[in-house]
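Here's a quick tour of a protein model, going from the overall shape to the core and then the surface. Have a look at the fold before reading on.

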Amino acid sequence: MNFRVWNLRLGWFAFAISLVSYLLTVEPTASYWDCSEYIATAAKLQVGHPPGAPFFQMVGAVFAILAPNAEYIALSVNMMSVLASSFTVLFLFWTITGIARRLLSEQSNDNFTHILVLVTGLVGALGFAYSDSFWFNAVEAEVYAMATCIMALLFWLGFKWEEDIDNERGNKWLVLISFIVGLSFGVHFMGLLVIPAIGMIYFFKK
């Protein structure tokens with residue numbers, strides 16, 4: 001079997017399953033905590049509570065603009081978290097399969113191993129998708145959904161860098177990682193937590 005093709009297909013399948021689940025359960029209006037503030041400040045491009053989340057607010061403003069009328073602004077901004085959380089599941093799937101394949105590549109490289117790796121990724125990604133705290137933030141306008149998406153993206157990019165670490169292309173991955181880390185400051189400082197993990201990837205590679 002072509003592992004790369006099935007890895008892409010099942011990754012997007014996990015994304016689709018998560019997206020449908022979150023679309024069916026998304027908060028239709030504003031929740032009675034920070035979400036209400038984030039929706040209001042995103043819609044008017046105002047300043048939220050410290051330390052602020054400027055990138056989150058700007059992306060939220062785009063979703064607010066896409067709302068057909070004022071009645072649907074809250075739902076539209078909530079949809080930002082729905083999409084971010086679905087992409088989190090996608091990158092998590094690819095990260096799990098990447099790690100599992102590295103662990104098993106030295107033992108065997110047959111179809112059974114590939115299926116085992118893909119099933120592992122699917123179970124892990126969807127298990128995380130339906131975990132209580134993640135699902136809770138996936139359906140409302142809070143910074144944690146986008147922050148988790150950035151963390152998942154950074155960790156996946158770390159493994160892409162590890163694949164090309166010894167050639168010129170690897171430097172481009174590192175520049176992209178640095179750029180995403182910079183963007184994460186405009187959402188939540190959780191993105192900093194991935195930097196030590198990427199450092200460990202470099203440590204074990206070298």
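Accessible areas here come from the Shrake-Rupley method with a 1.4 Å probe, and for residues only the protein chains shown count as cover. On that basis the protein exposes about 11,000 Å², with carbon and sulfur atoms supplying 69% of it.

This is a predicted model: local features need pLDDT of at least 70, side-chain atom pairs count only at pLDDT 80 or more, and totals for chains, interfaces and linings use all residues. Residues are numbered from 1 along each chain as its sequence is written, and side-chain values use heavy atoms, leaving out hydrogens and water.

The protein has nine helices and zero strands, taken as DSSP runs numbered from the N terminus (helices H or I, at least four residues; strands E, at least two). Its C-alpha trace spans about 55 × 35 × 25 Å along the principal axes.

Now for the inside. Buried means under 20% relative accessible area, exposed over 50% and partly exposed in between (1.4 Å probe, protein chains only). Buried residues make up 46% of the 206 residues. Two residues show the contrast:

| Residue | Helix | Relative accessibility |
|---|---|---|
| S18 | α1 (residues 3–25) | 0%, buried |
| I115 | α5 | 44%, partly exposed |

What does S18 touch, leaving aside its neighbours within four places in sequence? Its contacts (heavy atoms within 4.5 Å) are S86, V89, L126 and A129. With the same neighbours left out, Y22 is in contact with residues including V82, S85, F134 and W135.
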